[in-house]
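Could you walk me through this model in the viewer, one selection at a time? I'd like to know what to click on next and what I will find there.

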Amino acid sequence: MCGIIGYTKKNSEDKLTTGKILSDGLKNLEYRGYDSCGIAVLKKTNNNNDIVLKKGVGKVREVCEKLDFNYIDGVLGIGHTRWATHGKVDKTNSHPHLDCIKNIAIVHNGIIENFQKLKENLVNLGHKFSSETDSEIIAHLIEEHLKKGKSFKESFRLAIQELNGRYAILAIKKDEKIILGAKFGSPLIVASNEAGNFLISDLSAVENYSNKIAHLQDGQLIEINDLTIEVTDLQKNKVDIIWSFRNIQKNEENNLKFKHQLLQEINEQEYTIIKTIESNVKQSREFAEQIIKSRQVIFIGCGSAANVSFLASVLFTKIAKINASYCIASEFESKLPVLNEKDLIIAISQSGETADTMEAIDSAKKIGCKTYSIVNTEESSITRKTEKTILLRIGPEKAVCSTKAVTAQIAIIYQIANYLIDNEEFNEQIQNAIKNNSFIFQPDFSQTISMLAKKIVDKKNIFIIGTAEQMPIALECALKLQEVAVVDAFGFASGELKHGPLALIEKNTPIIALFNNDDTDKFVQSNAIEAKTRGAYIIAINAKDDSEFDFKIKFNQAFGFNTILNLIIIQLLSYHIGVEKKLDVDLIRNLAKSVTVK
Ligand code: F6R
């Protein structure tokens, strides 16, 4: 979590100020953290260089405007958008952090595990701390080495060697026109373009430029100025940079066609599902070939990606008669005793940066398992860690709640499962399912769902039931309702209702029943009716016989892809409840888009 950017300006005559470039980058990195943000710019004042520091609490756009970031110019600068992990959300805990004499400024993404001990030592040496963060110690460690007469570069290197944990760190010093960076565990990319040289958490920070880019590896240090870029390892050995070229398209944020980013991304699904399928025919076949060769396949992921992994295990058994399993990435340790080098692990991730998923991949690799991935973000850590990746190719997902990435992941799972049984009609079938039901992306349908949202907006619980492949979808629907509608939502197998949750049913408690239009419908039907006799308000999605239910939503022939359509409808419902409650549906409280800490 947290996004960082460092920038050294190539042309001092350039009208774009350093503050503007940093704040544009931070706006694009905001999904990584949006508690607070700040910049430190090296500026010439009366023949001296000085660090101008501006930071504040709030959304990036608000802080940038309030503190006039765009009007701050200088030869270089660093910026940070924070997602609090150590220390409450306030101005002092926001980055950049300074040393005692305001000589050094640093930004940090990650967690310093041994910070308590380091802080104690520094306090004993007389250092005064302003914040409660783990990050601030980095500025003081550098200061301590400078005091001993070491150069800035050497002090930085020595400070980094004292840290345990995960980090991407940038540091500047008042009288040196360089930015120093270090990486371990958290992403750090160096980019070079017509505006200057950059160090960034991810490529979105430099969109709209034609970039030469390189990913730093763990244990590397970097020094950039307006002209040169130099990478070394921690022992000062020079490392060759392997550049690649990326044309990063501007995400037309200002061209939002909908009121919210989330609604835009929900609506984009009319095209993204088909796009991902069409782009990945060859790759999905390659995945299917490796699955056949493997002793077992295990899908892993977190949050929504864990729900998709669960769904994958159900669909592989159902469609391809393959015994696939799944594991929540943070629980992967428990699987290690039964793995060997004949096994295939498929990691699912939108961001490609989720720490729990990355750690699980590393553990699987140590055992010798093959590791593949299904990821949305190109050039992300997971794409580089795994042997083969299916890239979703559906454009960046910016709303914190995952929608279009989830349905694209589901579509890919169907594609691989269908290729395993040589169903050559698969692509056409899924396309027809979406085309037949394009009405769910129309304003009239959104209006109907908004009416339903108004009816249930004040309910304290919502239950979602389904069986077979609808059960993981029920979990995913519950997650959407929790995040966006901030309601106690629970998803489970419809058969489980009578084994406990029925005790929670009061008059008009909403239960959403997900139907699959096959033999399993009769179970969901009877479970839903049992709940109705105890007072529940039943919302039935695509039930054949919905005469007894309270709110009915129907769609057209879906060729076995009810999972995707059911989910999109509940994404929309979650959105409308969130809007009714006047919540921020794009930047959800307490959540970050990319969870890069354990
Ligand atoms: C839910 C959501 C999260 C993510 C989870 C994994 O809407 O966005 O639960 O699914 O944090 O993130 P990725 O897919 O980036 O690994």
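Which atom of glutamine 350 lies 2.7 Å from an oxygen atom of the ligand? Select glutamine 350 together with the ligand to see: a backbone N or O atom sits at that 2.7 Å distance from the ligand oxygen. Please keep in mind throughout that this is a predicted model.

**Stop 1: around the ligand**

Stay with the ligand and add serine 304, where a polar backbone atom is 3.1 Å from a ligand oxygen. Next, select lysine 480; here a polar side-chain atom comes to 2.8 Å from an oxygen atom of the ligand. Of the ligand's 410 Å² of exposed area when taken alone, the protein buries 90%. Now show the surroundings: 15 residues are around the ligand, and the nearest are Ser349, Gln350, Ser351, Thr354 and Glu483.

**Stop 2: the domains**

Zoom out and colour by domain, using 3-245 for domain 1, 255-436 for domain 2 and 440-598 for domain 3. Hide domain 2 for a moment and look at the other two. The centres of domain 1 and domain 3, taken over C-alpha atoms, are 44 Å apart, yet 10 residues of domain 1 contact 10 residues of domain 3.

**Stop 3: where domain 1 meets domain 3**

About 950 Å² is buried between these two domains, with 63% of that area coming from carbon and sulfur atoms. Select Tyr31, Tyr34 and Trp83: they supply 46% of the area that domain 1 buries against domain 3, more than any other three residues.

Finally, pick lysine 59 and aspartate 584. Their closest N and O atoms are 2.7 Å apart, forming a salt bridge; one salt bridge is found across the interface of domain 1 and domain 3. Three residue pairs are in polar contact between the two domains. On the side of domain 1 that touches domain 3, you can colour four nonpolar, two polar and four charged residues.

Key: Residues numbered from 1 in each chain as written. Predicted model: local features only at pLDDT ≥ 70, side-chain atom pairs only at ≥ 80, totals over all residues. Heavy atoms only, no water. Domains from an automatic or database assignment. Contact = heavy atoms within 4.5 Å. Buried area = accessible area lost by both parts, 1.4 Å probe. Salt bridge = Lys/Arg side-chain N within 4 Å of Asp/Glu carboxyl O. Polar contact = N/O pair within 3.5 Å; in protein donor to acceptor, adjacent residues only side chain to side chain. Nonpolar A, V, L, I, M, F, W, Y, C, P; charged D, E, K, R; others polar. Near = heavy atom within 4 Å. Areas by Shrake-Rupley, 256 points an atom, 1.4 Å probe, with all protein chains shown as cover.
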